[in-house]
Amino acid sequence: MVDTLPGTSSALPALIRFENIYKSFGSQVVLNGVSIAFTEGQTTVVLGPSGTGKSVLLKHIVGLLQPDAGQVYYRDERIDHLSDRDMSPIRKKIGFLFQLSALFDSMTVGDNVAFPLRTHSRLSKADIDDRVAERLAMVGMENSERKMPGELSGGQRKRVALARAIALNPELVLYDEPTTGLDPIRSDVINELILKLHEELKVSAIVVTHDLASAFKVGERMVILMGGGIIADGSADDLRSHRDPRVQQFITGRADEADLRALHRI
Ligand SMILES: Nc1ncnc2c1ncn2[C@@H]1O[C@H](COP(=O)(O)OP(=O)(O)OP(=O)(O)O)[C@@H](O)[C@H]1O
Ligand SMILES: [Mg+2]
């Protein structure tokens, strides 16, 4: 591509592509014609107010939700409306850290991390044990195989959920609010882990968050989803100098004037 500047994302292939995605629940329009390509090898942060459709967007990537209109592609393969069976090979390539890190509470930490390996790989028991130990060590939870999730703190649970999400060597990791509910130090441990996985496993990542410190630390590209569409897309500096007042308001964390007036009336 001769007309592409070096270092710009358009020179790199898209791993996930949304084309004109519409999604409503009843009369509520959540995604109103969203088109975006997530670049291979990059960490993209998706920001936006609560209830704006960030989790809904991620769920379209793994087939947990299907669009009302539009297409979703994984590389060149169209994946919206695939059956569960046809979606399975795609799901194996994607690690999903859910918003509420849903560990199986009745299983040990080791069994939680081994679960995707037992279900989706043909590794021997010894190889599974090795992989579980290695992934737990990567997230700083070595030798915790025999613990039960109930014995862990919130940050430790997130780390175990992350070890499980990366058990199958995914090409893409989706992080839905990885730092929510954690104190700033534990949050930063998760940020460092996201950066480390990016470097060590060379994974592509999409990080949904409203934690701005986390967003600026891990994001190579930042996208703001608001009002059913993408209102900003670029580097951290692009966002800081963005002209749209909604972008400025969002990234400086200021309350909306109308919300403040409403508060003062209470
Ligand atoms: N399965 C569903 N059925 C009905 N409505 C849904 C469903 N999933 C999401 N919604 C609605 O879609 C909107 C967007 O939800 P979503 O969970 O994507 O928000 P979000 O941006 O992730 O918010 P938060 O930052 O609070 O996690 C919300 O109003 C939500 O109630
Ligand atoms: Mg969400």
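The face of helix α6 that is turned away from its buried side carries the exposed residues Pro184, Ile185, Glu199 and Glu200. A residue counts as exposed if 12 or fewer other C-beta atoms lie within 10 Å of its own, as buried if there are 20 or more, and as partly exposed in between, with C-beta atoms placed from the backbone. Helices (H or I, at least four residues) and strands (E, at least two) are DSSP runs, numbered from the N terminus. The structure is a predicted model, in which local features need pLDDT of at least 70 and side-chain atom pairs count only at pLDDT 80 or more, while totals for chains, interfaces and linings use all residues. Residues are numbered from 1 along each chain as its sequence is written, and chains are lettered from A and ligands numbered from 1 in the order in which they are written.

On its other side, α6 has the buried residues Ser187, Ile190, Asn191, Leu193, Ile194 and Leu197. They cover an arc of only 155° around the axis, which puts them on the same side of α6; the arc is that of the directions from the helix axis to the C-beta atoms. A general rule helps here: an α-helix has 3.6 residues a turn, so residues three or four places apart point the same way. The length of α6 (residues 184-201) can be checked too: its 18 residues should span 26 Å at 1.5 Å a residue, and its end C-alpha atoms are 25 Å apart, which agrees. The expected span is 1.5 Å times one less than the number of residues.

Next come the sheets. Strands of a sheet pair through backbone hydrogen bonds, either parallel or antiparallel. Two strands are taken to pair if DSSP finds at least two bridges between them. One open sheet is formed by 6 strands in the order β6-β7-β8-β3-β9-β10, with mixed pairing. Its edge strands, β6 (94-97) and β10 (229-234), each pair on one side only. Strands β6 and β7 (residues 172-176) run parallel and are joined by 4 bridges, and Phe96 has Leu174 in β7 as its bridge partner.

Another open sheet has 4 strands in the order β2-β1-β4-β5, and its pairing is antiparallel. Here β2 and β5 stand at the edges with a single partner strand each, so one side of each is left without a neighbour in the sheet. Within this sheet, β1 (residues 14-25) and β4 pair over 5 bridges, and the bridge partner of Phe18 in β4 is Val72. Thr39 belongs to strand β2 (residues 28-39) and is partly exposed, with 19 other C-beta atoms within 10 Å. Thr39 and Ala205 are 166 residues apart in sequence, yet 9.1 Å apart in space, C-alpha to C-alpha.

Two loop residues deserve a look at their backbone angles. Most residues other than glycine have a negative phi. Arg75, however, has a positive phi near 50°; Arg75 is in the loop between β4 (69-74) and β5 (77-78) and is partly exposed, with 14 C-beta neighbours inside 10 Å. His81 also has a positive phi, near 65°. The loop that holds His81 lies between β5 and α2 (84-91), and His81 is exposed, with 12 other C-beta atoms within 10 Å.

Finally, the residues around ligand 1 include Phe25, Val30, Lys54, Gln99 and His210; a residue is near a molecule if its C-beta atom, placed from the backbone, lies within 6 Å of it. Helix α1 (residues 54-61) gives the largest share of this shell, 3 residues.
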